[in-house]
Amino acid sequence: MTQIIYDGTYEGWVTAVFEIYEYKLQDIVFAKNEVSADLLFSTNHTVITDEIKVKRVLSGLQKRLSKNGFQGLYHAFLSETNKIEEIMFRYVQYVLSSTINVEDDFSNNDVLELRKAIRLTGKESHRMEAFVRFQLTKDQLYYVIIEPDCNVLPLIENHFKSRYADQRWLIYDAKRKYGIYYDLKNVSNVAIQFNTESNSSKFLAEIGDEGEELFQDLWRNYFKSVNIESRKNTKLHLQHMPKRYWKNLTEKIPDIKGRI
Amino acid sequence: MVHERVMEKLSILADAAKYDVSCSSSQSNRKNKDNGLGNAKGYGICHSYTEDGRCVSLLKILLTNHCIFDCAYCVSRKSNDVKRAAFTVQEVVDLTIGFYRRNYIEGLFLSSGIFDNPDYTMERLVRIAKKLRLEENFNGYIHLKAIPGASDELLQQAGMYADRLSVNVEMPTEKSLKLLAPEKNHIDVIKPMEYLKNEIVGYKEEKKINYKAPLFAPAGQSTQMVIGATQENDMEILGMANYFYDQMNMRRVYYSGYVPISYDTRLPAIGTPVPMIRENRLYQADWLIRLYGFNVNEIVGFDQPNLDLDIDPKLGWALRNMNQFPVDVNTADLELIKRIPGIGFLSAKKIVAARKFKKLVPQDLQKLGIAYTRAKYFLAFATPFQLQKDLTSIQIKDHILNTQKSKYKNDFSNQLALF
């Protein structure tokens, strides 16, 4: 068994694909950055991301996949689901060994698993387009902390850029410790240490804009008012808005008085 | 600047608006203009979900719940003893912008009680939309109510600023309307719908020739019918819906299960359960008509004017038409595969894509995520691993009912006891 150690980026993974073919490595397992202790008897192969190798693999895939299928591979990578790197590798082997486009061959397990991962990423980015709740600071920055299941910031960037073109905003992924920031012109990646206790009442008093608390209360009030008590359906509610998202959803956080 | 006093208005006027079930923000692709605020997404975004499981996509409020009409089914009727309130134009604009900038909503859904007269009310609604678009450079979604009886000029202006317009027919038949809202006529509702339909078609044609032509209600129009307040059967309701889809180019018809809010003896008493299963079945039937290529006559007819409550309308159709089955998914047309109970239109598409690579067997279908325990009675395979033939439709129905767990099972046994 060979453990492939790469830098955790998509390009790193693509380079790894090249080298697996290059060195005819067998029986592979992927690891991000560090050697996993579980695999005592394996040999290690460390991959250094290489632009030329990336280009060669990607152009080979581009020839055999549709535009969506090609994009999809990257989306599957962002899903970060269990064993996705290995599934993606088997999928790529299948794609490269076929003379026709096989991305719709759903009776093949790897094709199906890959499609599921793509769907998961898509669902999670759609959720983040919905569940972001910006808070306005005194210096007029709209910011939010999210903890999505998949690494979706690269996918939701354009949505927020084209929608909130006239306000500065920052979306910070607390799980992956980086954010995207829009300065009214461009979006850039930022890696900062962020106080994730931003929902505390202290935050609002210290750095919140003066209208911020009122708007949050208005939103909570609205959320309560539109509910129809006699149609209560908790199962459906939870299905659409699973509990793991609640701590970053204004309407699911008690107001300041209720928080003490 | 929004003030504290808006808080109470918001709870009154959001509460009064919540019985309008539409909250869709889809089917408009309005672009962000000149680096302004907002855009609309064709697929729509639900930003939150209330505890009743309904989507919250838009800030759905009434401008006011003062109303000169006394429609028995409406919570804002003149004779009802409820707290009244009214927003100013500026308050609605500020709330919309403040919510939108924080990504709480996709836009505004503004309706209103009729105060003074229809034109006066409609003029206010239009003024808000206009202010949002022109002064705030807001390109998010706007859904406006078209007030029956308002002038064509005002409706025309509304269409220039809104993404969607809707006139609610409320009662499926003229007879019910006369019973519960004697001051109203169906024709008052049909007239603005017809006007809007023609305008929407006209602007669309123009847009094809000149891409710079202005948008006019790009997300079309919708309407709503209250279900279970009056005696109509499902055939009358779906017949009316079909008329709206065919004749008025409606994008959506909504069915709103009546929530008892009045001691009026013409209506179901307070405490009567909301007819949620029936509402659910009507939506399923609506989907079959819009997305699955079913004709309304295949779903309901004079011999069976109401939808089955215990099984969905697609299964109901299949059991009445056993001669169409079994279907071989390896060779059948997409349209026929979509008609198999347990296979949705996305799965149907996947099946048609996947069968190009190899002959599909039952295990493949199971992996694809179709409801196989339901579909298996209607499928034919060259090498079946389980023979399902020779069951009557009643036997199949029993088998399926025994294996499924209805989310409404409790409500359902209650309802049966009523009959």
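## Where the two chains meet

Start with the contact between the chains in this predicted model. Chain A puts 40 residues into it, and chain B puts in 44 residues. On the chain A side, four helices each supply at least two residues: α5 (109-131), α6 (153-163), α8 (212-225) and α9 (234-240). The top contributor to that side is α8(A), which gives eight residues.

What kinds of residues make up the side of chain A that touches chain B? Sorted by class, there are 18 nonpolar, twelve polar and ten charged residues.

## A closer look at α8(A)

Since α8(A) gives the most to chain A's side of the contact, let's stay with it for a moment. This helix has 14 residues, and from its first C-alpha to its last it reaches 20 Å, close to the 20 Å expected at 1.5 Å a residue.

Six names are worth finding here: F215(A), Q216(A), L218(A), W219(A), Y222(A) and F223(A) are buried in α8(A). They sit on the same side of α8(A), because they cover an arc of only 160 degrees around the axis. As background, an α-helix has 3.6 residues a turn, so residues three or four places apart point the same way.

And what do the buried residues of α8(A) pack against? Their partners belong to chain B: α1 (6-17), β1 (48-49), β2 (55-56) and α2 (89-101).

## The nonpolar core

Now for the largest nonpolar core, which has 161 residues. Which members touch the most others? Those are A129(B) and A158(B). By element, the largest share of this core comes from α5(A), with eight residues. In soluble globular proteins, nonpolar side chains tend to be buried together.

Take A158(B) as an example. If you skip its neighbours within four places in sequence, A158(B) is in contact with L125(B), V126(B), A129(B), L144(B), A146(B) and L165(B). So A129(B) turns up again, this time as a contact of A158(B).

## Finding your way around chain B

Chain B comes in two parts, domain 1 (6-295) and domain 2 (313-418). Taken over C-alpha atoms, the centres of domain 1 of chain B and domain 2 of chain B are 36 Å apart.

One more residue to look up is D15(B), which you'll find in helix α1 of chain B. Is D15(B) buried or exposed? D15(B) counts as buried because 21 other C-beta atoms lie within 10 Å, and the cut-off for buried is 20 or more. Along the chain, D15(B) and I237(B) are 222 residues apart, and 27 Å separates their C-alpha atoms.

Notes. Residues are numbered from 1 along each chain as its sequence is written. Chains are lettered from A and ligands numbered from 1 in the order in which they are written. This is a predicted model: local features need pLDDT of at least 70, side-chain atom pairs count only at pLDDT 80 or more; totals for chains, interfaces and linings use all residues. Two residues are in contact if their C-beta atoms, placed from the backbone, lie within 7 Å. Ala, Val, Leu, Ile, Met, Phe, Trp, Tyr, Cys and Pro count as nonpolar, Asp, Glu, Lys and Arg as charged, and the others, Gly among them, as polar. The expected span of a helix is 1.5 Å times one less than its number of residues. A residue is buried if 20 or more other C-beta atoms lie within 10 Å of its own, exposed if 12 or fewer, and partly exposed in between; C-beta atoms are placed from the backbone. The arc is that of the directions from the helix axis to the C-beta atoms. Domain bounds come from an automatic or database domain assignment. A nonpolar core is a set of buried Ala, Val, Leu, Ile, Met, Phe, Trp, Tyr and Cys residues joined through C-beta atoms within 7 Å.
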